[in-house]
Amino acid sequence: MLEKLFQLSAAGSNVRKELVAGATTFLTMAYIIFVNPAMLADAGMDYNAVFVATCVAAAIGCFIMGFWANLPVALAPGMGLNAFFTYGVVLGMGYTWQAALGAVFLSGLLFIALSLFKVREWIINAIPATLKKAIAAGIGAFLALIALKNAGIIVDNPATLVGLGDLTELSPALAILGFFLIIMFVQRNVPGAVMLAIMLVTIAGLVAGDVTFNGIASAPPSLAPTFMQMDLATAFDLAMISVVFAFLFVDLFDTSGTLIAVTQRAGLTTPQGEVPRLGRALLADSTASVAGAALGTSTTTSYIESASGVAAGGRTGLTAVTVGVLFLLAIFFAPLAGMIPAYATAGAIFYVSVLMMFTLKEVDWDDLTEAAPVAVVLLMTPLTFSIAHGITLGFITYAGAKLLAGKHRDVSVGVFVIAALLLLKVIFVD
């Protein structure tokens, strides 16, 4: 049955390889089980309900990707977008978490429409590669600021806006320890490096008397506090356009880049470099986002950590299905997830931010019309505490710089249209 479903032999794989690959991918991305509920809880959402929603949304995405697209790519609520959800939309812009879920739901529906009507290729091709790299790096800087703030490493300072916290206190010290543990484990190729570091820091907090042991396993918590709580009416407000735009485009860029990278690593791309069954893969991603919003979590997206499973031999959708099953089993470990303190996940968030900075090496820093927009997105995303503002200002800067430098022919009409609309929004809406 598995051979018929996933065409294992044709892919040069077998059941054992796929199961090992799935377990490997799960271990590298399981940190999201602890990080996502903690981050969305800051928005006022029920921690335990979000924990269940995170696991179920991830499982749904993995199952669709595995059974329908037959690709070894796992999905879960995305880092960066969950931060934007909490600190940008809810705490920053003042919307309710129900309205933010409505925006995620709406962006997922738009993503489905773009996939069905083949508009996604036009959008992906219209957005300059420079801005895609800038957005990834900007989200990385945004995550870094959040991690440092949550750990107490960066604190409020009335004289200088921000300042350095007391690194000898328990929270900053253990967060720093967690980050260095991740570096050590990753460089030594220790399986489940990030999750292992989170658990060790939690144990250290337990020994220090800062963490209370609540058990390891239990019946799954209720999903009721977040299930079908989207506020779609507010999501259609004019002021929410940039929020929906940010959710949609970041997910679109992130998913496309991840699919290309993982399938290339697996040797599954066509001779022309195309991703097999790309339409199905994008629909799996967008459908999972819609389902996740209904369950009560931020945007669900494809994970680059899937490359670890590919490196372990994963070549078919059975790898993704295995990850989905493990996410469902994780629901029974809610007490363990509830013990994880913020400083234990801060190191993991900062680690992810480091990974997202790699795109900066590909920027042409000698061309000011390329470098300036990147710098604007990189700096303004964390400093305005908003991915949407970072993207908006980056688009406007890119189009303006190219136009003023006489390089407008290098820019597609689509970019100028988007930049003009965003400029009008800044003037008349923000």
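This briefing walks through helix α18, its two helix neighbours, and a handful of single residues elsewhere in the chain. Keep in mind that the model is predicted. Helix α18 covers residues 368–383, and the helices that help cover its buried residues include α8 and α19. After that come four buried residues with their contacts, and then three residues with a positive phi.

**Helix α18 on its own**

- With 16 residues at 1.5 Å each, α18 should span 22 Å, and the 21 Å between its end C-alpha atoms agrees with that.
- Its buried residues are T369, E370, A371, P373, V374, V377, L378, T381 and P382.
- Among the things covering those buried residues are α8, which runs over 129–151, and α19.

**How α18 meets α19**

- Two packed helices are described by the angle between their axes and the distance between the axes.
- For α18 and α19 (residues 387–404), the axes come within 8 Å and cross at roughly 165°.
- Angles over 145 degrees count as roughly antiparallel, and α18 and α19 are therefore roughly antiparallel to each other.
- The crossing of α18 past α19 is right-handed.
- On the α18 side, the contact uses T369, E370, A372, P373, V376, V377, M380 and T381. They meet I387, G390, L393, G394, T397, Y398, A401 and K402 of α19.
- Sorted by type, the residues in this contact of α18 with α19 come out as 9 nonpolar, 5 polar and 2 charged.

**How α18 meets α8**

- Here the packing angle is about 25°, and the axes of α8 and α18 are 7 Å apart.
- Angles under 35 degrees count as roughly parallel, so α8 and α18 are roughly parallel to each other.
- The α8 and α18 crossing is right-handed.
- From α8, the contact takes in T130, L131, A134, I135, A137, G138, I139, A141, F142 and L145. From α18, it takes in E370, P373, V374, V377, L378, T381 and P382.
- The split for this contact of α8 with α18 is 13 nonpolar, 3 polar and 1 charged.

**Four buried residues to look up**

- I391 sits in helix α19 and counts as buried, at 3% relative accessibility. Setting aside residues up to four places away in sequence, I391 touches I135, F245, A246 and V250. V56 is another story: I391 and V56 are 335 residues apart along the chain, and their C-alpha atoms are separated by 30 Å.
- S107 belongs to helix α6, residues 97–116. S107 is buried too, with a relative accessible area of 4%. Apart from neighbours within four places in sequence, S107 is in contact with V244, F247 and L248.
- I33 is part of helix α3, residues 32–41, and is buried with a relative accessible area of 5%. Beyond residues up to four places away in sequence, I33 touches F26, F51, T54, C55, F327 and A330. The C-alpha atoms of I33 and G209 are separated by 23 Å, with the two positions 176 residues apart along the chain.
- S302 is in strand β4, residues 300–302, and counts as buried at 2% relative accessibility. Leaving out neighbours within four places in sequence, S302 is in contact with M65, V73, A74, L75, D254, T255, T258, L259 and D285.

**Residues with a positive phi**

- Most residues other than glycine have a negative phi. The next three go the other way.
- F385 comes just after α18 and takes a positive phi of about 55°.
- L161 is not a glycine, yet has a positive phi of about 80°. You'll find L161 in strand β3, residues 161–164, where L161 is exposed with a relative accessible area of 64%.
- M228 also has a positive phi without being a glycine, with a value near 55°. M228 is in the loop between α10 (193–207) and α11 (232–235). Is M228 buried or partly exposed? M228 is partly exposed, with a relative accessible area of 49%.

Note on methods. Residues are numbered from 1 along each chain as its sequence is written. This is a predicted model: local features need pLDDT of at least 70, side-chain atom pairs count only at pLDDT 80 or more; totals for chains, interfaces and linings use all residues. Side-chain values use heavy atoms; hydrogens and water are left out. Axes are lines fitted to C-alpha atoms, for helices over the stretch in contact, and angles run from 0 to 180 degrees between N-to-C directions. Angles under 35 degrees count as roughly parallel, over 145 as roughly antiparallel, 65 to 115 as roughly perpendicular and the rest as oblique. A crossing is left-handed if the near helix is turned anticlockwise from the far one by less than a right angle, and right-handed if clockwise. Contact means heavy atoms within 4.5 Å. Ala, Val, Leu, Ile, Met, Phe, Trp, Tyr, Cys and Pro count as nonpolar, Asp, Glu, Lys and Arg as charged, and the others, Gly among them, as polar. The expected span of a helix is 1.5 Å times one less than its number of residues. Buried means under 20% relative accessible area, exposed over 50%, partly exposed in between (1.4 Å probe, protein chains only).
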